[in-house]
Amino acid sequence: MEKLEKAKRMAMNRAWIVILCALVFLAFALAIRNSEVVRLDNRLIQDLDPLRTKPLIAFFSKLTDFGDSKLLILIIILSSLYLLLRRKIFALILLPTAFIVERCLNEALKNQIMRHRPNFPHLVDVSGYSFPSGHAMNASTVYGLLIILITPLIGIKWIKVLWIGINLAMILLIGFSRPFLRVHFFTDVLAGYSLGGLVVGLALLAMIFIERRKNSR
């Protein structure tokens with residue numbers, strides 16, 4: 001009975017995360033229609049100009065690829081092989097499924113909102129609409145789930161901390177790389193993070209549901 005109550009509380013907490021992420025995204029979707037927000041978005045991109053040195057441009061041009069779908073598919077495959085070796089079948093299914101859901105959601109919302117990219121010279125090649133940032137959604141979904149799914153399988157504490165740190169750094173740096181490279185506004189990135197959090201929250205709810213089904217047998 002105590003385990004059941006604990007599972008219910010966890011499910012409620014995860015549900016609130018999903019609702020909060022959805023509300024944050026809606027707030028940004030409305031905010032980008034405001035001229036003051038647009039001006040702030042443009043100014044923030046311009047404010048990064050002093051940081052745009054050749055070494056940093058080269059660094060972020062490479063790092064941003066770790067939020068690209070093509071490279072993330074390879075990371076998902078390698079992670080899935082590890083989960084298979086550890087016999088974590090549900091996690092193995094959950095990781096690519098969440099990625100596919102996130103990709104479909106991003107594409108649908110971009111085509112619905114149709115926000116154009118920043119009107120500055122882009123420092124990497126891009127196509128399509130701007131809001132929400134696909135790289136930010138990719139990073140927060142995949143690297144977020146890699147923290148949740150793989151960290152419990154690591155037995156050495158310092159490796160756990162390193163694993164979490166690397167994945168969190170990837171989420172933050174990939175998000176920052178998009179306005180740094182002038183291909184996204186900061187609001188695009190924050191909206192992408194909120195939707196990535198929503199997908200991760202749904203994945204956590206699915207994990208709790210499966211655990212409850214197992215325990216009830």
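1. Start with the loop between H5 and H6, where Pro132 sits. The peptide bond leading from Phe131 into Pro132 is cis, with omega near -5 degrees. Bear in mind that this is a predicted model, so the cis bond, like everything below, is a computed feature and worth looking at on screen with that in mind. Met114 belongs to this loop between H5 and H6 too. Its phi is near 55 degrees, a positive value in a residue other than glycine. Met114 is partly exposed, as its relative accessible area is 44%.

2. A positive phi also turns up in the loop between H4 and H5, which is where you'll find Arg87. Here phi is near 60 degrees, again in a residue other than glycine. With a relative accessible area of 72%, Arg87 counts as exposed, because the cut-off for that class is over 50%.

3. Back to the cis proline, this time from the side of helix H8. Thr187 is placed in H8, and its C-alpha atom is 7.9 Å from that of Pro132, although 55 residues separate the two along the chain. Thr187 is buried, at a relative accessible area of 8%. Leaving out residues up to four places away in sequence, Thr187 touches Phe28, Ile32, Val37, Asp41, Arg115 and Phe131. So Phe131, the residue on the other side of the cis bond, is among the contacts of Thr187.

4. Now the nonpolar interior. Which residues touch the most other members of the largest nonpolar core? They are Tyr143, Leu145 and Leu146, out of 36 residues in that core. Two or more residues come from each of H3, H4, H5, H6, H7 and helix H8 (186-215). H6 is the top contributor, with 8 residues. Apart from this core lies another, of 13 residues, including Ile32, Ala191, Leu195 and Leu198. Ile32 has already come up as a contact of Thr187.

5. Tyr143 deserves a closer look. Setting aside neighbours within four places in sequence, Tyr143 is in contact with Phe66, Leu72, Ile75, Asn138, Asn167, Met170, Ile171 and Ile174. The list holds two asparagines, Asn138 and Asn167, alongside residues such as Leu72 and Ile75.

6. Ile174 is a good partner to view next. This residue lies in helix H7 and counts as buried, with 0% relative accessibility. Ile174 and Tyr143 are 31 residues apart along the chain, and their C-alpha atoms are separated by 11 Å. Beyond residues up to four places away in sequence, Ile174 touches Leu63, Phe66, Gly67, His135, Ala139 and Tyr143. Phe66 thus shows up in the contacts of Ile174 and in those of Tyr143.

7. Helix H3 (residues 54-63) has a clear inside and outside. Phe60, Ser61 and Leu63 are buried. Viewed down the axis of H3, the buried residues fall within an arc of 170 degrees, so they line one face of the helix. That buried set packs against helix H7 (157-180); the contact of Ile174 with Leu63 is one to pick out. On the face turned away from the buried side are the exposed residues Lys54, Pro55 and Lys62.

8. What is the volume of the second largest pocket? About 460 Å³. Its lining has 22 residues, and those closest to the centre are Asp68, Arg117, Ser127, His135 and Arg178. The elements giving two or more residues to the lining are helix H4 (69-85), helix H5 (89-113) and helix H6 (134-150). H5 supplies the largest share, 5 residues. By class, the lining counts 3 nonpolar, 10 polar and 9 charged residues. His135 also links this pocket to point 6, as it is one of the residues that Ile174 touches.

9. Last, a residue in helix H2 (residues 35-47): Leu40. Is it buried, partly exposed or exposed? Leu40 is partly exposed, with a relative accessible area of 38%. The C-alpha atoms of Leu40 and Tyr193 are separated by 19 Å, with their positions 153 residues apart along the chain.

Methods. Residues are numbered from 1 along each chain as its sequence is written. This is a predicted model: local features need pLDDT of at least 70, side-chain atom pairs count only at pLDDT 80 or more; totals for chains, interfaces and linings use all residues. Side-chain values use heavy atoms; hydrogens and water are left out. On a 1 Å grid over the protein atoms alone, a cavity is a set of points where a 1.4 Å probe fits but cannot get out, and a pocket is an open set with protein on both sides within 12 Å along at least five of seven lines; lining residues have an atom within 4 Å of a point. Grid points are joined across faces, edges and corners, and a volume is the space filled by probe spheres set on the points. Helices (H or I, at least four residues) and strands (E, at least two) are DSSP runs, numbered from the N terminus. Ala, Val, Leu, Ile, Met, Phe, Trp, Tyr, Cys and Pro count as nonpolar, Asp, Glu, Lys and Arg as charged, and the others, Gly among them, as polar. Buried means under 20% relative accessible area, exposed over 50%, partly exposed in between (1.4 Å probe, protein chains only). The arc is that of the directions from the helix axis to the C-beta atoms. Contact means heavy atoms within 4.5 Å. A nonpolar core is a set of buried Ala, Val, Leu, Ile, Met, Phe, Trp, Tyr and Cys residues joined through side-chain atoms within 4.5 Å.
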